[in-house]
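Here's a quick walk through the model below. Have the viewer open while you read.

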Amino acid sequence: MKYKDGVIVSMTKMKDNQPVHLSASEKCMNAMLIADELSMKIAGKEVVITSLLDGVHSKNSLHYTGNAFDLRVWIYTEKQRKALLTQLRKKLGIDYDVVDESDHLHIEWDPL
Ligand SMILES: [Zn+2]
């Protein structure tokens, strides 16, 4: 697994005058490991994480709570990318959402 330079993996943010420590959740880390495994199997390449706690996302984005990450897709052929998308959805199950955002894959832990 590789990370794009600048990706924020943990931080401390003030909320109501109290420091709140944020980092990628266990559920998020679990999905990252599964994505890496599948990427190696499908394309012989490690995944590249392009965003975790950083970046500009929608207001209620799960990125801000450490429950979402983004993957680089241009390292894959069209076929590999489709296979990764399909197999990720299958392997992660209904508690995760895998969204094809065209310039990246967005994966989040979002039960219900
Ligand atoms: Zn995202």
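A residue counts as buried when its relative accessible area is under 20%, and as exposed when that value is over 50%. One thing to keep in mind throughout: this is a predicted model.

**The metal site**

With that cut-off in hand, let's start at the zinc ion. Which residues coordinate the zinc ion? The donors are His63 through NE2, Asp70 through OD and His106 through ND1, at 2.0 to 2.1 Å. Along the chain, these donors follow the spacing H-x6-D-x35-H. Histidine 63 and aspartate 70 are both buried.

**The overall fold**

Now zoom out. The protein chain has two helices and seven strands, and reading along the sequence gives the pattern β-β-β-α-β-β-α-β-β. Its radius of gyration is 14 Å, close to the 13 Å that the globule rule gives for 112 residues, so the chain is as compact as a globular protein of that length. If you prefer a box, the C-alpha atoms fill one of roughly 50 × 35 × 20 Å along the principal axes.

How much of the chain is buried? Buried residues make up 42% of the 112 residues. As for contacts with a separation of 6 or more, 53% of them are between residues 24 or more positions apart.

On the outside, the protein chain exposes about 6,900 Å², with carbon and sulfur atoms supplying 54% of that area. The chain carries 15 positive and 16 negative charges, and the mean positions of the two sets are 5 Å apart.

**A buried leucine in helix H2**

Leucine 92 sits in helix H2, which covers residues 78–92. Is leucine 92 buried or exposed? Its relative accessibility is 9%, so leucine 92 counts as buried. Leaving out neighbours within four places in sequence, leucine 92 is in contact with Ala31, Ile34, Val98 and Ile107. Isoleucine 75 is another matter: it is 17 residues from leucine 92 in sequence, and their C-alpha atoms are 22 Å apart in space.

**An exposed proline in strand S3**

Over in strand S3 (residues 18–23) you'll find proline 19. At 52% relative accessibility, this proline counts as exposed. Setting aside residues up to four places away in sequence, proline 19 touches Thr12, Lys13 and Met14. Isoleucine 34 is 15 residues from proline 19 along the chain, with 31 Å between their C-alpha atoms.

**Two loop residues with positive phi**

Next come a couple of backbone oddities to click on. Aspartate 16 has a positive phi although it is not a glycine, and serine 102 likewise has a positive phi without being a glycine. Where in the chain is aspartate 16? It is in the loop between strand S2 (10–15) and S3. Serine 102 belongs to the loop between strand S6 (96–100) and strand S7 (104–109). Here are the two side by side:

| Residue | Phi | Loop | Relative accessible area |
|---|---|---|---|
| Aspartate 16 | about 50 degrees | between S2 (10–15) and S3 | 69%, exposed |
| Serine 102 | about 60 degrees | between S6 (96–100) and S7 (104–109) | 54%, exposed |

**Back to the zinc**

To finish, return to the metal site, where His63, Asp70 and His106 coordinate the zinc ion. Of these donors, histidine 63 and aspartate 70 are buried, while out in the loops aspartate 16 is exposed and serine 102 is exposed.

Definitions and conventions
Residues numbered from 1 in each chain as written. Predicted model: local features only at pLDDT ≥ 70, side-chain atom pairs only at ≥ 80, totals over all residues. Heavy atoms only, no water. Helix = DSSP H or I, 4+ residues; strand = E, 2+ residues; numbered from the N terminus. Rg over C-alpha atoms; globule rule 2.2 N^0.38 Å. Buried < 20%, exposed > 50% of the residue type's maximum accessible area, 1.4 Å probe, protein only. Contact = heavy atoms within 4.5 Å. Areas by Shrake-Rupley, 256 points an atom, 1.4 Å probe, with all protein chains shown as cover. Lys, Arg positive; Asp, Glu negative; His and termini not counted. Charge placed at Lys NZ, Arg CZ, Asp CG, Glu CD. Donors = N, O, S within 2.8 Å, 3.2 Å for Na, K, Ca; no water.
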